[in-house]
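Hi,

Here is the structure I promised to pass along. Please have a look at it first, and then read my notes underneath.

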Amino acid sequence: MGAGSLILLILCGIAFAGGGILLSKVLAKSSKNVVKGEAYECGIEPTGTNWIQFNVGYYLFALIFLVFDVEMIYMYPWAVVVKHIGMTAFVEIIIFIAILFLGLLYAWKKGALKWM
């Protein structure tokens with residue numbers, strides 16, 4: 001794949017995304033009203049303002065969940081090729097899990113795992 005193909009791919013991507021946005025602006029009906037501007041709370045009437053502060057602990061908990069969820073994305077390909085690569089792959093995954101475990105210990109020490 002040369003540079004010309006890459007440029008063509010980027011241009012096609014921009015044209016496809018921009019064309020979709022432009023087409024939706026032209027064809028879709030648009031109406032503005034007060035209800036569309038309200039925050040959505042699962043069908044329940046919203047109470048208070050939209051700009052309340054959430055506790056930082058929620059974000060830390062979500063980040064920790066994301067880190068360990070992404071961990072599984074890396075472990076699946078490892079599990080597929082571990083027999084082929086051998087001991088090197090085993091050592092690498094031990095180091096990977098050790099680093100994740102250190103991150104978990106750090107989060108625990110900082111209190112990120114405490115739920116309100």
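Below is what turned up, with a focus on one helix and its neighbour.

Please keep in mind that this is a predicted model.

Let's start with helix α2, which covers residues 56-85. With 30 residues at 1.5 Å each, α2 should span 44 Å, and its end C-alpha atoms lie 42 Å apart, so the two values agree. The helix does have a bend, of about 40°, at Ala79. Right after α2 comes Gly86, which has a positive phi, near 95°.

Which residues of α2 are buried? They are Gly57, Ile64, Glu71 and Met75. What do the buried residues of α2 pack against? Their partner is α3, residues 87-110. As a general reminder, an α-helix has 3.6 residues a turn, so residues three or four places apart point the same way.

There is also some aromatic contact to mention: the count comes to one aromatic pair. The rings belong to Tyr74 and Phe96; their centres are 6.2 Å apart and their planes meet at 70°, which is over the 60 degrees needed, so the pair is edge-to-face. Tyr74 sits in helix α2 and Phe96 in helix α3, so the pair ties together parts 22 residues apart in sequence.

How accessible are the two rings' residues? Tyr74 is exposed, because its relative accessible area of 55% is over 50%. Phe96, at 26%, counts as partly exposed.

Happy to talk it through whenever suits you.

Best wishes

How values were computed: Residues are numbered from 1 along each chain as its sequence is written. This is a predicted model: local features need pLDDT of at least 70, side-chain atom pairs count only at pLDDT 80 or more; totals for chains, interfaces and linings use all residues. Side-chain values use heavy atoms; hydrogens and water are left out. Helices (H or I, at least four residues) and strands (E, at least two) are DSSP runs, numbered from the N terminus. The expected span of a helix is 1.5 Å times one less than its number of residues. The bend at a residue is the angle between axes fitted to the seven residues ending there and the seven starting there. Buried means under 20% relative accessible area, exposed over 50%, partly exposed in between (1.4 Å probe, protein chains only). Contact means heavy atoms within 4.5 Å. Rings of Phe, Tyr and Trp (its six-membered ring) pair if their centres lie within 6.5 Å; planes under 30 degrees apart count as stacked, over 60 as edge-to-face and the rest as tilted.
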